[in-house]
Amino acid sequence: MTTQNTNNRLAPSVLNADQDIFEGLQTITEYAPYRKEASISQIEQAQVEMLKSQKLEAQLKAQYRAALDAARQSEWMFHNTILEAKNAVVAQFGADSSEAQIVGLKKKSAYKRPVRQKKSA
């Protein structure tokens with residue numbers, strides 16, 4: 001048997017083919033391998049372990065997606081409250097105040113006034 005990279009997941013088509021082979025093995029009444037690893041009981045045990053791990057993976061993925069959604073919603077809630085706080089600072093102290101500058105806004109007086117350009121003859 002060649003060395004295989006077990007870091008990569010098996011394709012679903014490979015797992016489906018393995019399942020078909022296992023079902024076929026179970027129909028062979030005289031199947032009695034010399035190696036314990038190839039016995040029907042070992043294959044059944046490996047299948048049960050695989051299904052248990054896949055179920056756990058699916059549950060953890062669902063929990064991860066739920067946590068991801070909760071974090072995203074919390075980030076937006078925080079951001080929107082900061083925007084409201086900026087608006088409140090401008091409403092209370094004015095757009096040209098030092099307090100507006102403290103919350104990350106540019107003072108109104110810091111903007112350059114537009115310069116009228118003369119027409120060329």
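## Pockets and helix packing

The lining of the largest pocket has eleven nonpolar, three polar and three charged residues by class. (Ala, Val, Leu, Ile, Met, Phe, Trp, Tyr, Cys and Pro count as nonpolar, Asp, Glu, Lys and Arg as charged, the others, Gly among them, as polar.) The model is predicted: local features need pLDDT of at least 70, side-chain atom pairs need 80 or more, and totals for chains, interfaces and linings use all residues. Residues are numbered from 1 along each chain as its sequence is written, and side-chain values use heavy atoms, without hydrogens and water.

**Exercise 1. Describe the largest pocket: its volume, and the residues nearest its centre.**

Step 1. The volume is about 640 Å³. A pocket is an open set of points on a 1 Å grid where a 1.4 Å probe fits, with protein on both sides within 12 Å along at least five of seven lines; lining residues have an atom within 4 Å of a point.

Step 2. The lining has 17 residues. Leu10, Leu15, Asp18, Ile43 and Ala46 lie nearest the centre.

Step 3. Helix 1 and helix 2 are the elements giving two or more residues to this lining. Helix 1 provides the largest share, six residues. (Helices are DSSP runs, H or I, of at least four residues.)

**Exercise 2. Which residues line the second largest pocket, and which element gives the largest share?**

Step 1. Find the space: about 220 Å³.

Step 2. List the lining: Arg9, Leu10, Leu15, Met50, Ser53, Gln54 and Glu57.

Step 3. Assign the share. Helix 2 gives the largest, four residues.

Step 4. Sort by class: three nonpolar, two polar and two charged.

**Exercise 3. Describe how helix 1 packs against helix 2.**

Step 1. Choose the descriptors. Two packed helices are described by the angle between their axes and the distance between the axes.

Step 2. Apply them. The axes of helix 1 (residues 12-27) and helix 2 (residues 40-93) come within 11 Å and cross at roughly 145°. (Angles run from 0 to 180 degrees between N-to-C directions.)

Step 3. Name the residues in contact (heavy atoms within 4.5 Å). Helix 1 offers Leu15, Gln19, Phe22, Leu25 and Gln26. Helix 2 offers Ile40, Ile43, Glu44, Gln47, Met50 and Gln54.

Step 4. Classify them: six nonpolar, four polar and one charged.

**Exercise 4. Why does Ala88 count as partly exposed?**

Step 1. Place the residue: Ala88 lies in helix 2.

Step 2. Ala88 counts as partly exposed because its relative accessibility is 43%. (Buried is under 20%, exposed over 50%, partly exposed in between, with a 1.4 Å probe and protein chains only.)

Step 3. Compare positions. Ala88 and Ile43 are 45 residues apart along the chain, and their C-alpha atoms are separated by 67 Å.

Technical notes
Points joined across faces, edges and corners; volume = space filled by probe spheres on them.
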